[in-house]
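Here is my note on the structure you asked me to look over. I have set it out as numbered points so that each can be checked against the coordinates.

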Amino acid sequence: MNEAARKVAPALSNEPHYREAPSNLEAEQALLGAILVNNDAYYRVSDFLKPGHFYEPLHRKIFEVAGDIIRMGKIAHPVTIKTFLPADTKVGDLTLAQYLGRLAGEAVTIINAEDYGRAIYDLALRRALITIGEDMVNIAYDAPLDMPPQAQIEDTERRLFELAETGRYDGGFQSFSDAVAQAIDMAGQAFERDGHLSGISTGISSLDNKMGGLQRSDLIVLAGRPGMGKTSLATNIAYNIAAAYEPEVLPDGSFKAKNGGVVGFYSLEMSGEQLATRIISEQTEVSSSKIRRGDITEADFEKLVACSQMMQKVPLYIDQTGGISIAQLSARARRLKRQRGLDVIVVDYIQLMTGSGKSGENRVQEVTQITTGLKALGKELNVPIIALSQLSRQVENREDKRPQLSDLRESGSIEQDADVVLFVFREEYYVKNLEPRDPNDPKYPEWEAHMDKVKGTADVIIAKQRHGPTGTVKLAFQSEYTRFADLADPSFIQYEEH
């Protein structure tokens, strides 16, 4: 049989060439009948069920009109509804009034109203999935110039996750008793977790003591001027969390993090190799500059190999796409959570991201869109997001170089949307630049004493925290290993806040 004959052959077959969209008219009729008999049935489904979820257009209109009447405080029954529907509507041999009467007459109870509503909703989701799938196939065949394959993938993922987010029965109000139960459950988990923290431990005890760990759904902005070490601190925290990952098996066979967590690191500034070099340097105490130059001993190399073998098991995933948009970041975070799990997101840094709006928007609007999107993503995935941010140059013009909230660059939305704002400040960086050129200068001993006091230390200033106190945490900083750590030496106690 030639190719033309093969294409014609199916048309000569008696088999149907189409499939009907999934629907259940009986469930729609049963629910509408229950509502017409007892309007309380409407409130059992109105939180998640909308007119557009009905397959039959007439049923869609009946549900919409009934809902309008009930929300106005009136009674919706066949007599009151029919006046708002086309009088000449026929359903088979029945008039509209007869059809409404039959719906109400055949309804027995409202007990199953919610089950009918869920069945209708699930079928509507299946039809939406079919539509998305058909659109994906058709666009892939048409190959339009304004929608390359990557853009199509992102659009399809966005539509799927929008469907997943709206396709829930658990929206709307939550009873206070349920909220209290969740709070007690969180307290119980904190009691059982290492360190007794309500959030995810950063691996830096003094920071955890102030913050209670990283709280789920929080947007944590970590800001600082260039050279302060904000990327180093973020990298340290990300690795500490991933290295401490301890999964716990749930009754349904899925996993959640008992300690630590799976980390997604979006590195818009540095490559994955550069980040890995920093982490290896921190863990092995071999200078990162020596690693890059190859200026290492055989013993150092053996330490690097042993560390790399250990690190391969750490659930730290790096995305090094430059100039990523908030839409792309969100899509990839959802995908990582679905495929590998996800407990913490790190973004380095906000000013290198792009918005998802029109290119004509100014930068303030774009940054506002980015921070709003990050906050929404944190709530959606129920994970803390650490977003790094640059500070404006006005810091350098002040005598006191310690950053303030007003120094956050390009948008007040960063301060507004953030649940926590942390500033990294190393006084050593500025004091070092003030070194007198002549060692015999009378001011040199004073400078030397000041330098000895601040050398190897860093301040993490908690400028904003919705759920806890503000203040300053003093840390040790080893620049050659790009490592932040708790101050272990008791002599540093003189520098603690009083």
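The points below take up aromatic pairs, salt bridges and strand pairing in turn.

1. Please keep in mind throughout that this is a predicted model, in which local features are given where pLDDT is at least 70 and side-chain atom pairs count only at pLDDT 80 or more.

2. A search of the whole structure for paired aromatic rings finds six such pairs. One of them joins Tyr42 and Tyr43 in an edge-to-face arrangement, with the ring centres 5.7 Å apart and 75 degrees between the planes. Tyr42 has a relative accessibility of 5% and counts as buried, because the cut-off for that class is under 20%. Ring pairs also extend the picture, since Tyr42, Tyr43, Phe54 and Phe63 are linked into a cluster.

3. Another of the six aromatic pairs is the edge-to-face contact between Phe48 and Tyr121, where the centres are 5.7 Å apart and the planes make an angle of 65 degrees. This pair links distant parts of the chain, with Phe48 in the loop between helix H3 (40–45) and helix H4 (57–71) and Tyr121 in helix H7 (residues 113–142), 73 residues apart. Both Phe48 and Tyr121 are buried.

4. Turning to charged side chains, the whole structure contains 10 salt bridges by the search. In one of these, the side chains of Asp459 and Arg402 meet at 3.0 Å, taken from N to O. Asp459 lies in strand E11 (residues 457–465), whereas Arg402 lies in the loop between strand E9 (385–390) and helix H17 (413–417), so the salt bridge ties together parts that are 57 residues apart in sequence. The two partners differ in their exposure: Asp459 is buried, with a relative accessible area of 5%, while Arg402 is partly exposed at 27%.

5. Asp459 also forms a salt bridge with Lys474, and here the closest N and O atoms are 2.8 Å apart. Because Lys474 lies in strand E12 (residues 471–478) and Asp459 in strand E11, this pair ties together parts that are 15 residues apart in sequence. Lys474, at 16% relative accessibility, counts as buried.

6. Two further items from the charged side chains deserve a look in the viewer. Arg426 forms a salt bridge with Glu428, the closest N and O atoms being 3.8 Å apart, and both residues are buried, Arg426 at 9% relative accessibility and Glu428 with a relative accessible area of 14%. Separately, Lys375, Asp419 and Arg466 are linked in a network of salt bridges.

7. How many bridges join E11 to E12, and in which sense do the strands run? Six bridges join them, and the strands are antiparallel, with a hairpin of five residues making the connection. Within this pairing, Ala458 stands opposite Leu475 in E12. Strand E12 is mostly covered, as seven of its eight residues are buried.

8. Strand E12 pairs as well with strand E13 (residues 483–486), again in the antiparallel sense, over four bridges. Leu475, which stands opposite Ala458, also stands opposite Asp486 in E13. The hairpin of E12 and E13 has four residues between the strands, and in this hairpin Thr482 takes a positive phi near 45 degrees.

Note on methods:
Residues are numbered from 1 along each chain as its sequence is written. Side-chain values use heavy atoms; hydrogens and water are left out. Rings of Phe, Tyr and Trp (its six-membered ring) pair if their centres lie within 6.5 Å; planes under 30 degrees apart count as stacked, over 60 as edge-to-face and the rest as tilted. Buried means under 20% relative accessible area, exposed over 50%, partly exposed in between (1.4 Å probe, protein chains only). Helices (H or I, at least four residues) and strands (E, at least two) are DSSP runs, numbered from the N terminus. A salt bridge is a side-chain nitrogen of Lys or Arg within 4 Å of a carboxyl oxygen of Asp or Glu. Two strands pair if DSSP finds at least two bridges between them.
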